[in-house]
Amino acid sequence: MNFRLMAAGAASALILAGASIADEASTTLSSLRALGARVQLRIGTAASPLDLSDPTLSQITSEQFSVLTPENEMKWQVVEPQMPGVFNWTGADNLVNFAEAHRERVRGHTLVWHNQLPNWLTQGVNDGSINEAQLRDLLHNHITTEVSRYRGRIWQWDVLNEMLTDSNPSQINPKDFWIAHLGPGVIADAFRWAHAADPEALLCYNDYNIAGEDGSNAKFNAAFAMVQNLVAQKVPIDCVGDQGHLDLQFGFNPILMTQDLRAYASLGLKVAITEADVRTFVETTDNNQTPIVSPTDTTPSHTANPAAADWYNGMLQSCLAVRECISFTVWGFDDSESWVPGAFHGEGDADLYDVNLNPKPQYTALQQTLSLAPGAPHRGGRDHDHDEDD
Ligand code: XIL
């Protein structure tokens with residue numbers, strides 16, 4: 001028996017074991033979630049049912065994030081799909097249970113929105129079989145039922161989503177489904193109904209381009225006026241969620257974003273980045289501009305986008321610069337599941353991980369910014385022999 005070889009083998013096994021334990025520890029310590037925790041900033045992601053069930057996806061979902069937003073599972077169309085009173089809470093329940101099992105909080109999304117409404121509701125309104133009073137009751141019931149079901153388990157609720165026009169100047173959209181049918185009073189009512197059902201949950205207004213992303217601040221001005229008015233009326237609103245869907249073809253000024261987030265905070269509100277992603281036009285293989293999102297494509301030029309990393313960073317830094325910014329959430333973390341190619345023709349590459357679940361420079365940028373967030377180590381002083389004039 002060759003003891004020497006055996007000993008060497010045992011030693012290398014130990015080293016290997018040591019290395020893997022160290023790697024595991026460093027992965028956990030350097031996760032976005034752990035780094036954010038050091039500065040009381042929760043890092044979140046939108047999660048789909050697959051993110052909870054697939055072993056690799058669910059590992060990232062739980063290791064990297066401390067807040068989850070159901071990507072679709074709490075929307076009205078999903079929870080009450082076929083007819084009034086017949087609910088399907090499976091997806092929403094699974095998400096809340098998963099989050100709690102992994103010590104993550106939940107952002108409920110979203111109670112009042114013109115999109116992803118059940119057909120029975122929109123059809124009924126269109127054909128006149130649901131009148132105004134009934135529609136109001138249905139909305140009241142919807143909010144009460146959903147918020148009560150998860151009472152005490154939701155950290156922030158997106159009560160209202162995307163109610164402002166994209167015009168300049170912007171305003172509460174008179175053509176919005178809810179405004180058109182129930183009038184602007186529905187805004188305050190929705191917050192009051194949600195508050196009655198769960199007095200502890202933070203209640204948010206959520207929208208895109210409301211923190212200077214459009215450069216003009218037109219939509220910020222409208223959002224600010226609206227929430228200022230709600231605060232003045234003592235409506236129970238607690239926070240403003242800025243979605244943060246950026247597109248490299250437009251400008252982005254992180255200083256303006258910081259100022260705008262600070263302005264909302266000056267009203268006594270919390271703020272959050274709720275749906276961050278940074279999309280761009282991607283390489284195409286055909287005249288239809290079909291983006292390359294095939295699971296085998298990891299072309300570096302396709303996935304490693306320095307400008308996108310920079311803009312992700314800019315949004316995170318804006319949030320870090322405002323004490324009242326309580327969470328930074330990305331709208332999904334990997335390119336294989338992203339909503340972007342389906343919603344924006346020819347665009348993609350919007351997420352932190354590529355289609356093979358490798359972290360991209362967009363991920364590393366956030367990680368590095370979070371690791372510096374507690375304050376750069378002291379670099380001056382007497383002991384330091386480095387002179388600026390050297
Ligand atoms: C998107 C989802 O990501 C898609 O899966 C779905 O088909 C449509 O909705 N703003 C929002 C989110 O507030 O709810 C949207 O989510 C993306 C834009």
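Begin by selecting helix α14 together with helix α16 (residues 361-372), whose axes come within 8 Å of one another and cross at roughly 35°. Bear in mind from this first stop onward that you are looking at a predicted model. If you turn the view so that one helix lies in front of the other, you can follow how α14 passes α16 in a right-handed crossing. On the α14 side, colour P306, A308, A309, Y312, N313, L316 and Q317, and on the α16 side colour P361, Q362, A365, L366 and T369, since these are the residues that make the contact. Sorted by class, the residues of this contact are eight nonpolar and four polar, with no charged residue among them.

Keep α14 (residues 306-320) on the screen and add helix α12 (residues 254-266), whose axis comes within 9 Å of that of α14 and crosses it at roughly 30°. Because angles under 35 degrees count as roughly parallel, α12 is described as roughly parallel to α14. The crossing of α12 and α14 is right-handed. To see where the two helices meet, select P254, M257, T258 and L261 in α12, and then G314, M315, Q317, S318 and C319 in α14. The residues of this contact divide into five nonpolar and four polar, and none of them is charged. Notice that Q317 of α14 appears here, in the contact with α12, and also in the contact with α16.

Now zoom out to the whole protein, in which you can trace 16 helices and ten strands. Of its 390 residues, 43% count as buried. Among the contacts with a separation of 6 or more, 74% are between residues that lie 24 or more positions apart.

Next, centre the view on the ligand. Which residues surround the ligand? Select E71, N72, N161, Q243, E275 and W339, and you will have the shell around it. By class, this shell holds one nonpolar, three polar and two charged residues.

From there, move to G91, which is found in helix α6 (residues 90-101). Is G91 buried, exposed or partly exposed? With 19 other C-beta atoms within 10 Å, G91 is partly exposed, because a residue needs 20 or more to be buried. Leaving aside residues up to four places away in sequence, G91 touches P49, P70, E73 and V78. You can also draw a distance from G91 to M74, which is 17 residues away in sequence and 7.7 Å away in space, C-alpha to C-alpha.

The last stops concern the backbone. Most residues other than glycine have a negative phi, and most peptide bonds are trans. Select R103 in the loop between α6 and β3, where you will find a positive phi of about 55° although the residue is not a glycine. R103 is exposed, with 9 other C-beta atoms within 10 Å. K234, in the loop between α11 (218-232) and β6 (239-242), is likewise not a glycine and has a positive phi of about 60°. K234 is exposed, with 9 other C-beta atoms within 10 Å.

Finish with two peptide bonds. The bond from H109 to T110 is cis, with omega near -5°, and T110 lies in strand β3 (residues 105-112). The bond from N168 to P169 is also cis, with omega near 0°, and P169 can be found in the loop between β4 (156-161) and α9 (177-182).

Conventions:
Residues are numbered from 1 along each chain as its sequence is written. This is a predicted model: local features need pLDDT of at least 70, side-chain atom pairs count only at pLDDT 80 or more; totals for chains, interfaces and linings use all residues. Axes are lines fitted to C-alpha atoms, for helices over the stretch in contact, and angles run from 0 to 180 degrees between N-to-C directions. Helices (H or I, at least four residues) and strands (E, at least two) are DSSP runs, numbered from the N terminus. Angles under 35 degrees count as roughly parallel, over 145 as roughly antiparallel, 65 to 115 as roughly perpendicular and the rest as oblique. A crossing is left-handed if the near helix is turned anticlockwise from the far one by less than a right angle, and right-handed if clockwise. Two residues are in contact if their C-beta atoms, placed from the backbone, lie within 7 Å. Ala, Val, Leu, Ile, Met, Phe, Trp, Tyr, Cys and Pro count as nonpolar, Asp, Glu, Lys and Arg as charged, and the others, Gly among them, as polar. A residue is near a molecule or strand if its C-beta atom, placed from the backbone, lies within 6 Å of it. A residue is buried if 20 or more other C-beta atoms lie within 10 Å of its own, exposed if 12 or fewer, and partly exposed in between; C-beta atoms are placed from the backbone.
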